[in-house]
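Grab the model and work through these exercises at your own pace. Each one sets a task and then walks through the solution.

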Amino acid sequence: MAKPAMKSVVKGNSAAKKSAQPPASTAKPSNMKVAIIKGAAGLHQRNRHRGSYDFAALVTAEPALKHFVTQNPRGQDTIPFANPEAVKLLNKALLAHHYGVRQWDIPAGFLCPPIPGRADYIHRIAELIYADCPALQPTNVRMLDIGVGANCIYPIIAAVEYGWRVVGSDIDPVSVKNAQLIASSNPALKKHIECRLQQRPQAIFNGIIADGERFTLTSCNPPFHSSLAEAQQGTQRKLTNLQKHQQQRGAKSAAGTEPMASTTTTLNFGGQKAELWCPGGEAAFLKNMAFESAQFATQVLWFSSLISKKDNVRWMRKQLEKAGAVEAKIVEMAQGQKISRFMMWSFLSAEQRHSWLLAKG
């Protein structure tokens, strides 16, 4: 494993701002240890997508991508990133070229995520898991991916890069069926990935983690909008920003392609309801996750989730303190102008985590 490239600052509950504390009459003491980790800028050192895309190699892996490749004013190869077909073919090429996954497709209207950022989440959480438990063998790691989606991206990266066994869960039967098809159609994945349907839409871990079943870690990219209208507004903002960026750089479209997809088309390729929004949005989802995770405190070594909105980091910290988590890590990832983050937490002390690894199961 690569040496950690992160710096952490550990803060106790006393370091929290007074505004984040409940009133004195209702406050409950919390001994949760919190580490704020700021990684080096850019993609993780183990991320295969550092630097520019090698479009020559990608076109070799997925010849259909060639139709969308054009050049920007600097003479660099690129594609129209607002075009859903181009983005889908780029993903197919990346998965085939870098991960050996040649059988991959998603139904129309399902989320087609940017792979480099998804890979960064897996690499950074892997670094922390192995730093916490240096004796942990990759083949003994079991990961649960909440909301696997039709694309199955997180399990693919975890299985190929680290040899982990992964269970992916989703409330959408089409997503589960497609993700399982991807796993069973690729030799590198079929023995590593299992997909399960969550029968209870309001549940997260209940109904998925069986009695006595144990996972080393969980991952999740929560729905961050609270309604369809909010999701559409977010899509429109992205379209507007893409259009401005394209106009500023004077990028030309590839022959026969549209320079900008419509809002309807982009929203369709950008995700279904369960992938983009839920009642109460990200904050409500995270609160449910925090309290439900406490029910599986001894069956999961580390829980984790991406957090899209910065304000929800403090919110999630408060929920975890109430739920009784022992330790939490807040990890910031700086990629260009964008700063994303995830949290991981455990209800077990360091000693208990090491004993957990030595136990059978």
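**Exercise 1.** In which sense do strand β6 and strand β7 pair, and over how many bridges?

Some ground rules before the solution. This is a predicted model, where local features need pLDDT of at least 70, side-chain atom pairs count only at pLDDT 80 or more, and totals for chains, interfaces and linings use all residues. Residues are numbered from 1 along each chain as its sequence is written, and side-chain values use heavy atoms, with hydrogens and water left out.

*Solution.* Start by finding the strands: β6 covers residues 165-170 and β7 covers residues 193-197 (helices, H or I with at least four residues, and strands, E with at least two, are DSSP runs numbered from the N terminus). Next, look at the pairing (DSSP must find at least two bridges between the strands): β6 and β7 run in the parallel sense, over five bridges. To pin down the register, take Val166, whose bridge partner in β7 is Ile193. Finally, add helix α5 (residues 173-185): together with β6 and β7 it makes a right-handed β-α-β unit. Right-handed here says that, with the strands pointing away from the viewer, the path from the first strand over the helix to the second runs clockwise.

**Exercise 2.** Trace the salt bridges of Arg124 and Arg353, then find the network that includes Arg353.

*Solution.* The criterion is a side-chain nitrogen of Lys or Arg within 4 Å of a carboxyl oxygen of Asp or Glu, and by that rule you get 10 salt bridges.

- Step one: Arg124 bridges to Asp120, with the closest N and O atoms 2.8 Å apart. Both sit in helix α3 (residues 115-132), four residues apart, or about one turn of the helix. Both are also buried (buried is under 20% relative accessible area, exposed over 50%, partly exposed in between, with a 1.4 Å probe and protein chains only).
- Step two: Arg353 bridges to Asp132, again with a closest N and O separation of 2.8 Å. Arg353 belongs to helix α11 (residues 350-358) and Asp132 to helix α3, so this pair ties together parts 221 residues apart in sequence. Arg353 and Asp132 are both buried.
- Step three: Glu327 bridges to Lys329 at 3.4 Å between the closest N and O atoms. Glu327 has a relative accessible area of 9%, and Lys329 has 13%.
- Step four: put the pieces together, and Asp132, Glu327, Lys329 and Arg353 are linked in a network of salt bridges.

**Exercise 3.** Is Ser346 buried or exposed, and what does its side chain reach?

*Solution.* Find Ser346 in strand β11 (residues 338-346). With a relative accessible area of 0%, Ser346 is buried. Its side chain reaches the backbone oxygen of Leu301 at 2.8 Å. Now list the contacts (heavy atoms within 4.5 Å), skipping neighbours within four places in sequence: Ser346 touches Leu301, Trp302, Ala325, Val326, Glu327 and Arg353. Two of those names, Glu327 and Arg353, should ring a bell from the salt-bridge network.

**Exercise 4.** Which residues touch the most other members of the largest nonpolar core?

*Solution.* A nonpolar core is a set of buried Ala, Val, Leu, Ile, Met, Phe, Trp, Tyr and Cys residues joined through side-chain atoms within 4.5 Å. The largest one has 63 residues, and Leu65, Trp104, Trp164 and Phe342 touch the most other members. Its largest share, nine residues, comes from α3. A second, separate core has 30 residues, including Leu144, Ile209, Phe285 and Phe296.

Notes:
A polar contact is a pair of N or O atoms within 3.5 Å; within protein, one must be able to donate a hydrogen and the other to accept it, and residues adjacent in sequence count only if both atoms are side-chain atoms.
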